[in-house]
Amino acid sequence: MRIMLFLLTNIAVLVVASIVLSVLGVERYISGSGLNLTSLLIFCAVFGFTGSIISLLLSKKMAKWGSKAQTIEQPNNHKEQWLLTTVQELANEAGIKMPEVAVFPAHEANAFATGWNKNDALVAVSSGMLDRYPPDEIRAVMAHEIGHVANGDMVTLTLIQGVVNTFVMFFARIAGYAVDQFLRRDDEGEGSVGWGYYIATMIFEILFGILASMIVMWFSRYREFRADEAGARLAGKGAMIAALARIQSEHEVSHMPDTMVAFGIRRGRKSSFGELFSSHPPINDRIAALQKL
């Protein structure tokens, strides 16, 4: 199912991007006179944003399938009823519509939020957290996730990823074209590129992509602090700090799908270099920030 979803998503990206480029009348961005930067930028923007937007629109379905989360339609027990009531109260306080509420099977304490807009979202909590954590700490974690939704973090992250994708593709192709021109022989035809262009472009996309991921991860860490503030405001600073401290004390073995890791409430990396590529700041830093509020 995951492979089929991956293939369908990529096919949808190609189809939508091709249609948009055709409607915009974008010409070939490489011609006899060199690079057409306007066409190249439009080409990169269409492909850069299409994948991010389609992923955002499918985020709830992908999250449910990837984490095996089960939406609570009718509560099966008092814990599920309490969870629904709690999320409804938090959503009302945050000024958003009631999101879907789900539980996913995992022993580790975790939770996530996703959705294409703040009034059509999904919040989910692991069965391990729901079973082991006291109500006030679960409420704080759900308030954190509601904070993500109310702050529009999913949409903002999608837009940032789209911009980053666009400029990675744009500058990689400019750099690849420059390398190809440097390697070009005089007898080669105008308005064409050789293998040097494609190889150099691929290498530059990898290099620029690594640098760009630092920007995306920086924003992801920043939004965690903002969501923690929202959790403290909605559920109490003490409960938010206690929940983070308990998560910190537990050994992290995450079974969440890679696509959802950035949306979970989890421990961040400790090394200074590794932190550049971490979606979450270290919990000690998050607790220290909350203590200053």
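# Notebook: cavities, helices and a binding site

**Entry 1, a small hole.** I started with the second largest cavity, which holds about 30 Å³ of space. This is a predicted model, so I am reading computed values throughout. My search of the whole structure turned up 2 cavities of 30 Å³ or more.

Which residues line the second largest cavity? I listed G115, W116, N117, K118, V149, G152, D153, M154 and V155. Sorted by type, that lining has 4 nonpolar, 3 polar and 2 charged residues. Helix α7 gives the largest share of the lining, with 3 residues.

**Entry 2, stepping back.** I wanted the overall picture before going on. The protein chain has 11 helices and 6 strands. Of its 293 residues, 46% count as buried. I also looked at contacts between residues with a separation of 6 or more, and 68% of those link residues 24 or more positions apart. I kept an eye out for such long-range pairs in the later entries.

**Entry 3, the transmembrane record.** I checked UniProt next. Its unreviewed entry annotates residues 38-58, 154-175 and 195-219 as "transmembrane region". I then looked at how two of these spans appear in the model. Residues 38-58 are 95% helix and 0% strand, and their end C-alpha atoms lie 30 Å apart. Residues 154-175 are 100% helix and 0% strand, with 31 Å between the end C-alpha atoms.

**Entry 4, N165.** I picked one residue from helix α7, which runs over residues 153-183: N165. Is N165 buried, exposed or partly exposed? Its relative accessibility is 24%, so I wrote it down as partly exposed. Leaving out residues up to four places away in sequence, N165 touches G48 and S52. I also checked N165 against A45: they are 120 residues apart along the chain, yet their C-alpha atoms are separated by 7.7 Å.

**Entry 5, one face of α3.** Helix α3 covers residues 59-67, and I found S59, K60, M62, A63, G66 and S67 buried in it. Why do I say that they line one face of the helix? Looking down the axis of α3, I see the buried residues fall within an arc of 165°, so they sit along one face. I added a reminder from the textbook: an α-helix has 3.6 residues a turn, so residues three or four places apart point the same way.

**Entry 6, just past α3.** After α3 comes K68, which sits in the loop between α3 and β3 (70-71). The phi of K68 is near 60°, a positive value in a residue other than glycine. I noted that down since most residues other than glycine have a negative phi. K68 has 56% relative accessibility, so it counts as exposed.

**Entry 7, the binding site.** Back to UniProt. Which residues does the unreviewed entry list under "binding site"? I found H144, H148 and E224 there. They are spread over 81 residues of sequence but cluster in space, with a largest C-alpha distance of 8.5 Å.

I then placed two of them. H144 is in helix α6 (residues 135-150), and E224 is in helix α8. Are H144 and E224 buried or exposed? H144 counts as buried because its relative accessibility is 0%. E224 is also at 0%, so I marked it buried.

**Entry 8, further along α8.** I moved on to A227, which is in helix α8 too. A227 is buried, at 0% relative accessibility. Setting aside neighbours within four places in sequence, A227 is in contact with H144, H148 and N151. H144 and H148 come up again here, having been in the "binding site" record. A227 and E145 made another pair for my list: 82 residues apart in sequence, 6.9 Å apart C-alpha to C-alpha.

D228 is in helix α8 as well, and that helix spans residues 195-235. D228 has a relative accessible area of 1%, so it is buried. Which residues does D228 contact, beyond its neighbours within four places in sequence? I noted H144, M240, L244, R286 and L290.

**Entry 9, G238.** My last stop was G238, in helix α9 (residues 237-249). G238 has a relative accessible area of 52%, and the cut-off for exposed is over 50%, so I put G238 down as exposed. The C-alpha atoms of G238 and D136 are separated by 9.4 Å, with their positions 102 residues apart along the chain.

Conventions
Residues are numbered from 1 along each chain as its sequence is written. This is a predicted model: local features need pLDDT of at least 70, side-chain atom pairs count only at pLDDT 80 or more; totals for chains, interfaces and linings use all residues. Side-chain values use heavy atoms; hydrogens and water are left out. Helices (H or I, at least four residues) and strands (E, at least two) are DSSP runs, numbered from the N terminus. Buried means under 20% relative accessible area, exposed over 50%, partly exposed in between (1.4 Å probe, protein chains only). Contact means heavy atoms within 4.5 Å. UniProt positions are given in the numbering used here, feature names are shortened, and annotations may be inferred rather than shown by experiment. The arc is that of the directions from the helix axis to the C-beta atoms. On a 1 Å grid over the protein atoms alone, a cavity is a set of points where a 1.4 Å probe fits but cannot get out, and a pocket is an open set with protein on both sides within 12 Å along at least five of seven lines; lining residues have an atom within 4 Å of a point. Grid points are joined across faces, edges and corners, and a volume is the space filled by probe spheres set on the points. Ala, Val, Leu, Ile, Met, Phe, Trp, Tyr, Cys and Pro count as nonpolar, Asp, Glu, Lys and Arg as charged, and the others, Gly among them, as polar.
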